[in-house]
Amino acid sequence: MTNQQTWIGKSVHRVDAPAKLKGEPVYMTDRPLENPCFGRVLRSRYPHARILRIDTAKASALPGVICVLTHKDVPGLNGFGIVIPDQPVLCFDKVRMMGDALALVAAETPEIAAAALDLIEVDYEPLPIVDDALAAIMPGSPLVHETGNIHLRTVIRRGEVAQAFAEAAVVVDHVYFTPRQAHMFLETEGGVGQLMPNGELHIWCPAQAAFRDRLQVARLLGWDPERIREYSSPSGGAFGGKDELTVQHYLALLALHTGGRPVKIHLSREESTVAGIKRHPFMVQMRTAAAADGTFLAQEAFVVADTGAYASLGGPVLNLAIEHIGGVYRFPSLNVEGYCVYTNNGISGAFRGFGVPQVLVALESNIDEIARRLGRDPLDLRRQNLIQRGDLSAIGNPMTTGVGNQAVLEALENSPTWKERTAKKAAVTDPWKRRGVGIGLCMQGLGLGKGIPDYGAAVIELLPGGKFKVGISIQEIGTGNQTAYAQFAAEALGCDVADVEVIQGDTGYSADAGTVTATRSVFTGGKAIQITAEKMVALLRSTGAESYAAAYAVARERGLETKVRGSFAWPEADEEIPGAFGLPHHIYGYGAQAALVEVDTLTGEVQVLEVASVVDTGKSINPMGVEGQSEGGVAQGVGLALMEDTVVREGRFLNANMSNYIIPTAGDVPKVETFIVEVHEEKGPSGAKGMGEVPIVPTMPAIFGAIYDAVGVQMFRAPATPERVYMAMMGDPSATEDTPALRARIAEGRRAGLAAQLHQTEGEGYAQPKGPEDEEA
Amino acid sequence: MLLSEMKVVAPGSLTEALRWLEEHQDRARPLAGATDAMVRVKEGQWRSPIWVEIRRLPELQRMDQADGWVTVGAAVTYGRLLRSELMAQTAPLLAAAARDVGSVQIQAMGTLGGNLGTASPAGDTIPPLFALEAEVGLCSRGGGERWVPVESFFLGPGRTVRRPDELITAVRFAPQAPGERWKWQKLGLRGAQAISMVSLALRLQPGFARVAFGAVGPTVLRARKCEAWLSQAEAFDLATVRSIAQMAWKEVAPISDVRASAAYRQQMACALLERGLREVLAV
Amino acid sequence: MKVTVAVNGTYYTREVEPRLLLSDFLRHELGLTGTHVGCEHGVCGACTVLVDGQAVRSCLTFAVQMDGAAVTTVEGLTPAEGELHPLQEAFREAHGLQCGFCTAGFLMTLVPYLAEHPNPSEAEIREALSGNICRCTGYQNIVKAVQLAAAKGGGR
């Protein structure tokens with residue numbers, strides 16, 4: 001796009017800011033309700049147990065209780081899950097995690113609902129638990145599901161791996177562990193369900209996939225999805241944590257039993273933490289080989305992801321991690337064995353970065369060590385191995401779209417954090433403190449990937465006075481896409497942003513445009529709006545009117561449809577990667593960061609002082625929005641690297657509230673300087689790609705590299721708490737997890753994993769029962 | 001018990017408050033800033049049938065200096081402490097700790113008396129009170145007023161010598177000496193709003209030292225060996241500071257929890273003392 | 001129990017359960033849902049309101065403790081229909097919000113802070129903000145918004 005643009009690329013103020021700033025009831029958990037009743041969910045008392053009996057008689061008899069529901073009241077399929085419906089809506093035979101739901105209550109007040117939960121009698125027979133993902137692979141481990149603990153095995157081998165390691169000048173081999181990060185969106189899961197007078201079921205619930213949610217609800221109710229309407233935008237934060245059903249299924253069931261009254265559920269913080277999905281904890285054993293001249297030769301990895309009791313998006317998370325196991329570098333040989341396994345540790349699912357931060361910290365840390373052993377500058381070594389357009393990625397994907405690597409690395413090199421690192425490190429004040437600078441580079445596959453239906457759709461309605469309503473099912477979860485959509489529409493329609501109202505997340509207004517995940521929302525929505533806007537412009541022409549206001553009048557006069565629809569299918573790679581469903585992606589976002597940290601050698605405390613964050617957006621639709629995403633991503637990355645972990649011991653949660661689950665405050669996050677790079681993506685709307693997930697990915701390796709640079713210890717387990725850093729500095733044996741015993745277990749796990757007979761063959765069972773809504777037909 | 005079965009009473013005077021406590025004994029509990037109490041109530045603990053609201057009792061608001069004592073009323077909030085000119089002059093150590101409690105919103109509600117009554121070993125104002133050798137004023141209708149040295153006040157986590165009919169009314173202590181060196185330090189899992197893993201209150205004058213640690217024992221602890229060595233040291237070079245700081249290891253008895261291991265906490269008692277000494281002595 | 005509170009300048013007398021939290025009183029009794037509840041533990045700060053001019057956690061306060069007090073919520077900041085308070089305007093200009101769920105709490109923390117500290121340094125702003133959790137922005141634009149509001153006259 002060479003022509004002058006009015007709205008695209010401008011830092012337009014958020015269109016949703018005034019209402020949010022004034023405290024207007026924009027969130028669905030704030031909806032004013034007439035004659036509401038209140039729902040609660042009975043959660044399991046054990047992480048793994050057989051259910052012998054559920055008796056709801058006493059609870060039902062409590063005055064003020066409207067209904068008590070169990071699995072017997074699920075009319076359709078008693079299961080849900082984005083990929084496979086392995087999670088019971090209400091448990092019947094056994095519970096597999098503390099967050100499992102057994103019964104639902106609706107009552108006149110929240111307090112009566114809580115009292116009713118206490119009156120539901122459940123007899124359990126506790127079962128042995130499996131709370132270690134590596135142990136879960138081994139034969140003889142307690143089974144979370146009858147079908148075995150391995151949910152997905154993905155193995156990719158490329159090139160001459162053994163030979164490459166034999167010929168390598170340097171081989172680095174370490175084991176890394178990443179934590180069960182919690183999303184900790186400020187608005188916990190909640191919403192309202194109501195059976196409407198016209199027989200429709202309406203659900204108001206902040207979410208990330210309205211149409212898929214609706215389909216899942218329809219399946220468990222045994223209803224026609226068209227009878228269900230989900231309103232799902234905006235959300236008080238999501239980050240992937242509202243991608244799966246959260247409470248829609250409970251709202252739906254309860255709403256069928258409250259006589260048309262609205263029923264509200266709003267989870268407490270503890271319940272949200274225990275029942276909601278988390279970032280998959282990973283164990284990554286990674287062995288990286290390089291030649292004496294610094295050329296990367298081979299990458300070998302054994303990856304175990306803990307999906308907890310149910311699959312959710314565990315399979316795709318594992319596969320995306322594996323797709324990025326070689327990062328932004330050329331690796332002619334690859335051997336990766338990955339497992340996504342069931343345990344009784346809550347449930348894991350989608351979280352910004354989607355598996356990539358978990359493997360990238362291993363890769364980038366290994367590369368730093370290669371650089372040290374070869375006496376090379378870490379940035380220069382990376383430059384030498386960067387994938388160029390036309391190269392194959394580590395998994396063998398031809399990189400044919402805009403590759404932002406080079407530009408991103410150059411911007412990083414020119415950032416003050418990197419360029420002036422010597423002076424910045426020397427500026428330390430207290431003699432017991434040390435400073436260091438580290439870097440991380442990344443790419444992130446955009447969209448859902450090969451073979452998974454991925455499409456966008458939008459509607460545009462012409463309103464009296466020549467204003468517009470733009471409908472798109474993709475939600476505003478805080479990222480600013482509502483503003484970006486208004487900008488796309490205003491640009492394409494030639495109107496003012498203020499003349500565009502964007503309606504999001506309403507299944508009753510617009511067609512299915514898929515999820516607000518996978519860094520796909522600007523690309524998908526932008527493209528869909530541009531295509532739809534062409535039809536609106538055509539409508540204008542057909543009326544012969546000079547303005548939209550006049551066109552509206554003409555259209556009404558002639559009885560023309562004033563609402564136009566458009567859709568498109570995402571571009572995808574030509575060839576799939578055998579044995580790895582959903583791989584590869586076709587378009588990637590790129591990013592890089594440099595972090596300056598200060599380590600207190602007396603206590604092990606790490607303060608991140610500044611981060612230079614480079615993102616390749618293709619085209620920044622709203623640069624201020626890009627910076628906001630960059631700063632927020634870094635903050636979540638700092639939490640991931642230094643402080644956050646949902647601690648689960650023997651299946652039980654030890655820090656489920658915000659007093660003891662620690663996330664960064666304003667005093668903990670660094671000053672972030674964002675550098676935007678625009679490597680035009682010809683397939684994207686106005687050249688844009690997407691960048692929402694990118695900024696969380698390089699933060700952890702950059703910080704780990706900076707810690708090493710400061711005090712000479714490599715962290716292998718995140719979060720790098722003061723205690724872990726201190727123990728590592730002291731050379732305390734407790735800091736060394738990579739013991740011969742662990743290596744023996746890994747070897748045993750690899751054997752057991754490859755030998756396991758899987759219930760479900762790799763790559764199968766992932767077909768999703770959905771397609772674009774063909775409203776135009 | 002349903003939460004709705006509990007009752008909050010708001011007596012208008014100390015006498016009236018004491019009457020509630022005397023009449024209802026274990027069934028009544030004082031409620032000050034509610035910043036800890038409310039969390040416990042929500043967690044299903046501390047479900048006292050009667051809460052006696054004392055936050056606004058005029059008798060508990062004093063902050064004054066007389067006869068060698070600085071006296072701070074039990075309902076004085078952290079916010080008032082850290083803004084007080086009197087505290088800046090007589091107990092900057094206590095004011096510094098108050099500044100580290102929770103957040104500005106917690107500081108606006110939480111009270112010094114509440115911190116004592118909750119009796120958490122990690123309570124941030126308690127190590128300074130140990131270092132100040134403060135006394136806790138307790139009052140009952142039957143027994144009148146008594147002053148208990150702060151070190152004798154705590155029996156263990158959540159347990160104090162306060163009888164059910166008594167109310168903490170005030171804290172008193174001798175002012176810090178002008179020119180005295182002092183340091184408040186806190187180690188948490190993040191920069192703000194963190195429960196202490198280890199905390200330290202340090203006072204140093206020629207021939208005089210007070211060292212108190214929080215969160216490394218069932219109650220706040222005085223490190224008397226460190227104090228003795230510090231008060232006898234002739235000169236403070238780095239080696240001396242380090243060797244004295246290392247003694248703290250033997251004076252604490254931490255436990256492991258979700259925040260930190262006992263071993264780390266023990267090391268950190270030494271580390272905070274070393275860091276604190278180096279900061280105040282510039283070595 | 002009977003409680004009389006002035007909220008945003010209007011007096012309300014209500015018969016309430018003693019256990020009713022101020023946050024629930026505001027949200028459910030008065031329908032002022034701009035005050036959010038994020039953690040119920042007094043950590044996230046989303047529920048911050050002004051009580052007699054001071055920022056407090058409404059999730060850690062019983063409504064009955066507020067008898068006779070003056071409470072200000074985010075709804076009380078907005079001067080008139082369609083307008084924004086200077087601090088709100090600064091947040092809009094500096095992109096100081098994303099999902100917006102924490103925003104009311106930040107605003108209510110900052111109103112008394114800026115009144116007391118008209119020209120805060122960045123470090124002071126970060127300290128003042130450390131009682132409010134934001135999961136989206138990384139705080140940087142919130143800090144900028146405060147600086148902008150301060151530059152324009154203390155946000156008053």
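**Nonpolar core.** I looked up the largest nonpolar core of this predicted model. I noted that this core holds 420 residues. I then listed the members that touch the most other members, and found Leu251(A), Val303(A), Ala489(A), Ile703(A) and Ile707(A).

**Leu251(A).** I took one of these five residues, Leu251(A), and looked up its contacts. Leaving aside residues up to four places away in sequence, I found that Leu251(A) touches Gly39(A), Gly191(A), Val192(A), Gly193(A), Ile203(A), Cys205(A), Val263(A) and Ile265(A).

**Domains of chain A.** I recorded the division of chain A into domain 1 (17-25 + 455-569), domain 2 (33-127 + 189-266) and domain 3 (154-181 + 278-448 + 579-735). Leu251(A) falls within the 189-266 segment of domain 2.

**Domain 1 against domain 2.** I noted 33 Å between the C-alpha centres of domain 1 and domain 2 of chain A. To the contact between them, domain 1 of chain A gives 14 residues and domain 2 of chain A gives 17 residues. On the side of domain 1 that touches domain 2 of chain A, I recorded two nonpolar, nine polar and three charged residues.

**Chain C against chain A.** I next looked up the contact between these two chains, in which 42 residues of chain C meet 42 residues of chain A. On the chain C side, the elements that give two or more residues are helix H2 (86-93), helix H3 (103-116), helix H4 (122-129) and helix H5 (140-151). I noted that H2(C) supplies the largest share, four residues. By type, I recorded this side of chain C as 17 nonpolar, 18 polar and seven charged residues.

How values were computed
Residues are numbered from 1 along each chain as its sequence is written. Chains are lettered from A and ligands numbered from 1 in the order in which they are written. This is a predicted model: local features need pLDDT of at least 70, side-chain atom pairs count only at pLDDT 80 or more; totals for chains, interfaces and linings use all residues. Two residues are in contact if their C-beta atoms, placed from the backbone, lie within 7 Å. Ala, Val, Leu, Ile, Met, Phe, Trp, Tyr, Cys and Pro count as nonpolar, Asp, Glu, Lys and Arg as charged, and the others, Gly among them, as polar. A nonpolar core is a set of buried Ala, Val, Leu, Ile, Met, Phe, Trp, Tyr and Cys residues joined through C-beta atoms within 7 Å. A residue is buried if 20 or more other C-beta atoms lie within 10 Å of its own, exposed if 12 or fewer, and partly exposed in between; C-beta atoms are placed from the backbone. Domain bounds come from an automatic or database domain assignment.
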